[in-house]
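Reader: I am new to this structure and would like a close look at a single part of it. Please take one chain, and describe with care how it meets its neighbours and how it is built.

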Amino acid sequence: MRVNFTVNGRPQEADDVWEGESLLYVLRERLGLPGSKNACEQGECGSCTVRLDGVPVCSCLVAAGQVEGREVVTVEGLAEYAKQRAEHGGACGTGACGDNGTSLQAAQQWSARPSGGAADSRTGEGAELSPIQQAFIDAGAVQCGFCTPGLLVAADEMLERNPSPSDEDIREALSGNLCRCTGYEKILDAVRLAAARQERQGEAV
Amino acid sequence: MDFLRPASWEEALAAKAEHPTAVPIAGGTDVMVEINFDHRRPEYLLDLNRIELLREWEVGEENVRLGASVPYTQIMEHLRAELPGLALASHTVASPQIRNRGGVGGNLGTASPAGDAHPALLAAGAEVEVESVRGSRFIPIDAFYTGVKRNALQPDELIKTVHIKKADGPQQYSKVGTRNAMVIAVCAFGLALHPETRTVRTGIGSAAPTPVRAREAEEFLNAALEEGGFWESGKIITPSIAKQFAELASGACNPIDDVRGTAKYRRHAVGIMARRTLGWTWEQYRGTGRTLEGAA
Amino acid sequence: MANDTRVAAAPAGTPTKVTQGSRTKGGIGESTLRPDGTLKVTGEFAYSSDMWHEDMLWGQILRSTVAHAEIVSIDTSEALAQAGVYAVLTYEDLPTEVKNYGLEIQDTPVLANGRVRHHGEPVALVAADHPETARRAAAKIKVEYKELPVVTDEASATAPDAPLLHPGRDDHHAGHVPHPNIVHRQPIVRGDADEAAKKADVIVSGEYVFGMQDQAFLGPESGLAVPAEDGGVDLYVATQWLHSDLRQIAPVLGLPEEKVRMTLSGVGGAFGGREDLSMQIHACLLALRTGKPVKIVYNRFESFFGHVHRHPAKLWYEHGATKDGKITHMRCRIVLDGGAYASASPAVVGNASSLAVGPYVVDDVDIEAIALYTNNPPCGAMRGFGAVQACFAYEAQMDKLAKKLGMDPVEFRRLNAMEQGTLMPTGQPVDSPAPVAELLRRIKARPLPPERQWESTEGADVRALPGGLSNTTHGEGVVRGVGYAVGIKNVGFSEGFDDYSTAKVRMEVINGEAVATVHTAMAEVGQGGITVHAQIARTELGVTQVTINPADTQVGSAGSTSASRQTYVTGGAVKNSCELVREKVLEIGRRKLGTHHPAWATAELLLEGGKVVTDGGEVLADLVDVLEDEVVEIEAEWRHRPTEPFDLRTGQGNGHVQYSFAAHRAVVEVDTELGLVKVIELACAQDVGKALNPLSVIGQIQGGTTQGLGVAVMEEIIVDPKTAKVKNPSFTDYLIPTILDTPTIPVDVLELADDHAPYGLRGIGEAPTLSSTPAVLAAIRNATGLELNKTPVRPEHLTGTL
């Protein structure tokens, strides 16, 4: 079957999709977006978390056919997504975003930076990062990095809803994302750091 | 495999009538795991995501009419006052990502004894509205579960809504898992006080081939509360009543030993949860009397 | 002009002194950030499962559905006839006489040969144009099994009529084991335990059971094999040791090693689980057969069968002590279940036995450790490697002894703690700091976390209570407990293994700046080795820009990313090669500029901030002017001090290189009625010798601590003792800690230099995994008063409902 949907602001078409394929498979193997990770494929690890019409979901549990006409944001589009959100006044501070998703209009206003681009192809230096991405690097929240994309998408969405989370709020919001390397402490640090930076930025504005 | 994408409820019913083996998929929590792990290769997948009415709910006088696909997250956020037990149960479902997509219809369709919603539905009292091209009917929740992962649906029927009694008293829900989040129930217990009818209802998950009510425990407690005038006085339930209620709840279990827990533990834990949830709800009833919101 | 010199290894045992300061920014001791961080947060980092090639096929492995059986027949015809299928391979299709592989003993069939020995053993391979096509084809392969009786424990494996897992064994352990179903046996006898026992005022003993733990790395086994025009193959894969893989792969393919070119892809965690081969040979066989690139990606189910696990163990211990608290003697017997194939079992036996005493002074010991061959899943390397199981048991014993003596458990441990100079049970002296008592003092001195943290103005916050989101208690039945543990882990490969690493370092001027390039075959599995390599190069060469080349087999072996050894050994190799490059650069400087300043001949010269400076800080030249267009490149091997094997009868011998120590204090809250546990805090103190990158050091300690927590309260692969089949191969039923299960992990880092090691550093990755588990167990015992001799502690154990 054929599936048409929007990924990171760009219309995409996948052809010859087997009906049992997941959104995760289509992203990784058909659209060249392997950032979302295939760690368990049973909804028990969160590594494949993407936003589907604004809502964080496990892309391994979404049948490819179910995304027809819908909008997906993956880790590859996270920086641009966050940038657009910041530039449009952080409209999601109300907590309404999760419920309503990204409007089609909003989604069409932005698109992900083509891979390669201005960034150094080997180290990625020069890439523009979202606050949560930068915080993960700075806080040492990345080791093997396999859980990182899913955690970033989930953490970014939590900060959008809840800009000043308590530690227990962070733990609850990230309780669907397994990490085997870090023991989560540095991940908590990263989310706290991103929240603090976001707050400082808010005050500056 | 064929992927059917009905745009409306009527189309979905027609598709199900034409292909009774079609497997409905909404949140994907159960179906996609079975596909990803090669446990199941249905001839047809019937996608229900495009059907708006399944994602809607309506709060009526007596009932909440809950669409089968209303995500657990929405139940937690918007129906805490009306459905406190189910809201608490929703909060224990898997992970935030799963709660964003899964709904009660999936739990009912799979009818696994470990489904988190079942004990809350049994305790609150509910009817499942199912429909086919032949018409619709309401199945009382007590008659819905017919065996291990079997329910009362006919092959051409789909679950449309669940009509759940609005809470008229405190409700609680507990679930034992061997992890503090994202865990399948070893066993679970739901309890609802119904001051209007002066009854208590319960639901037990994962401790019998199907979700069940602890009927003897309910009957005992209803009688004990009535005899002791507890509903009027709001006095503390005596430890001996609570103890016997817990023992009868344990006795209602018919569990198995499996990798998640022993039968003996399940019986034991259900008893503890029965006693605790009774304590919590009764405290709420005695205290404010009408603080019905679950702490979801 | 490249100055490519292959230099002989530094003489073994040479102490490496610090000749360079850290005045260059980004050098050792700083928490520089990961060079792969940006790629990893943008989703662009290419893990082995992300590999993609035009025209590639998907490989699928058919695995045995039973644990022990004769294969009567295999019929692949229907699978081959399916559209989209390019190849179906069985044992009969293996191209050479080499049909087995293995880390130490080559006893593992590439594909089953007439017999399967464990559940999930590879039987046949399929290559097809879509993973679903491959799965359907694999399902059409008809395998007829004739089931055989299984052996699953010591009694059944060594019974008189026990079926032999590997009849006709001729490996180097076969001669000294008491039964062919015992892979290896290592006794260690020192002093006279019987005589010393007579001095004991109290004696405690116990039997302890350690469950089978899975590494549960998040990135499943995967890779891509691309056939090359020269008849060879290019393999992109996630592994812990490229050259070890290569040594095992090439003979099976019938190719010389230089025609199997391996490149490390992104590795999604390892923890020992990638020390053995998984899909490597299978992908290459399919690629060479079909002439097309072949990708294999395990799903989580298959991953549970696709790698070895931590050995489950039964441990019997006896300790005695005098009434003033001195340990008199120790006797123990450790039985490790190695499963169907040897993997790393012999080395795990060596570790378990030689570290069985723990970090204590015990002069009279009688130790025996064995690993079994059974029909259970094969077990091998996992973080902590034999020392984990022993630590769980001896720390339980320490608490028992202290209790029996009426002593504080920490004081009792401190009284018996080893220190520098203590002899190991192997007779080897501990010749670097062993601050066991100090680590214990530090964790004990830390203030305890406040009680009843779940209480809030809005009632109980269930997220802070046992049961968490499941809302099982609002404080009812909750009891707090505190427990302590300390452990000892060896660093590096032991028992005479030639444990070396190779590093190629290059220095040149690019765009008017002196820059360095480091090339090793070290597997970066997340630990941050590449971060540290760049720091070492900056420190040693005084440059800012360091490029880390991808790890591949175009450079010499870097050994395994395991045994807490990479910063020590490959870090040491990078340091050594940098020093050789520095000498060469200074030689060039003296040649070109020596006449400009007398200090070139007389002073000790350093490279700092892109310049040649004297040890007094005087700048002699800019590196740009020294090098001009010359390129200095050196590839050299580096070795740590040699070790020797343990005597097969007495266990005596200088078997280890270095030790690593960590101590934990666990604070738990237990719902004693439901048997649910919430760990509130898990504090760690560890001696790291020298923290080359403090942020990464703490990350390693916290990660290792959490894996120890997991096995304490939830993690176990459950194998049916009747059928030897795995009952929970999924993340639904094999649980690892979530962020709500993991407490705050405050870390106290000590830096007492080991003068034998580069920069005085100590391997750190494994030690925290040891003591974490027994600390949590001790805390639960403290809360409940129960004996608890098994990991993981299940609710059933706490409620008497097994």
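Author: The model is a predicted one, and the part to follow here is chain A, beginning with its contact with chain C. Between them, chain C and chain A bury about 5,000 Å², and carbon and sulfur atoms account for 57% of that area. The residues taking part number 71 in chain C and 60 in chain A. Of the area that chain C buries against chain A, 16% is supplied by C:Val41, C:Leu218 and C:Ile739, which is more than any other three residues give.

Charged and polar pairs also cross this interface. The count of salt bridges between chain C and chain A is 6, and one of them joins C:Asp50 to A:Arg28, with the closest N and O atoms 2.9 Å apart. Residue pairs in polar contact, both partners at pLDDT 80 or more, come to 29 between chain C and chain A. On the chain C side, at least two residues each are supplied by α1 (37-42), α3 (131-140), β15 (294-297), β26 (546-548) and α17 (694-713). It is α17(C) that gives the most to the side of chain C touching chain A, with 8 residues. Sorted by class, that side of chain C holds 33 nonpolar, 26 polar and 12 charged residues.

Chain A also meets chain B, through a contact that takes 36 residues from chain A and 33 residues from chain B. The area buried between chain A and chain B is about 2,600 Å², with 53% of it given by carbon and sulfur atoms. On the chain A side, A:Glu19, A:Leu61 and A:Gln66 supply 23% of the area that chain A buries against chain B, more than any other three residues.

Here the count is 2 salt bridges between chain A and chain B, among them the one in which the side chains of B:Arg5 and A:Glu68 meet, at 3.4 Å from N to O. There are 13 residue pairs in polar contact between chain A and chain B, with both residues at pLDDT 80 or more. Within chain A, the elements β3 (49-52), β4 (55-58) and α7 (167-173) each supply at least two residues of the side that touches chain B, and the largest share of that side, 4 residues, comes from β4(A). By class, the side of chain A that touches chain B is made up of 16 nonpolar, 11 polar and 9 charged residues.

The strands β3(A) and β4(A) lead into the fold of chain A itself, for they belong to an open sheet of 5 strands with mixed pairing, in the order β2-β1-β5-β3-β4. Its edge strands are β2 (10-14) and β4 of chain A, each of which pairs on one side only, and the twist averages 40° from one strand to the next. Strand β3(A) pairs with strand β5 (residues 71-73) of chain A in the antiparallel sense over 2 bridges, and A:Leu52 has A:Val72, in β5(A), as its bridge partner.

Two helices of chain A pack on this sheet. Helix α1 (residues 23-30) of chain A touches β1 (3-7), β2, β3 and β5 of chain A, and its direction makes about 80° with that of β1(A). Helix α6 (residues 148-161) of chain A touches β3 and β4 of chain A, and the direction of α6 makes about 45° with that of β3(A).

Note on methods: Residues numbered from 1 in each chain as written. Chains lettered and ligands numbered in written order. Predicted model: local features only at pLDDT ≥ 70, side-chain atom pairs only at ≥ 80, totals over all residues. Heavy atoms only, no water. Contact = heavy atoms within 4.5 Å. Buried area = accessible area lost by both parts, 1.4 Å probe. Salt bridge = Lys/Arg side-chain N within 4 Å of Asp/Glu carboxyl O. Polar contact = N/O pair within 3.5 Å; in protein donor to acceptor, adjacent residues only side chain to side chain. Nonpolar A, V, L, I, M, F, W, Y, C, P; charged D, E, K, R; others polar. Pairing = 2+ DSSP bridges. Axes fitted to C-alpha atoms, helices over the stretch in contact; angles between N-to-C directions.
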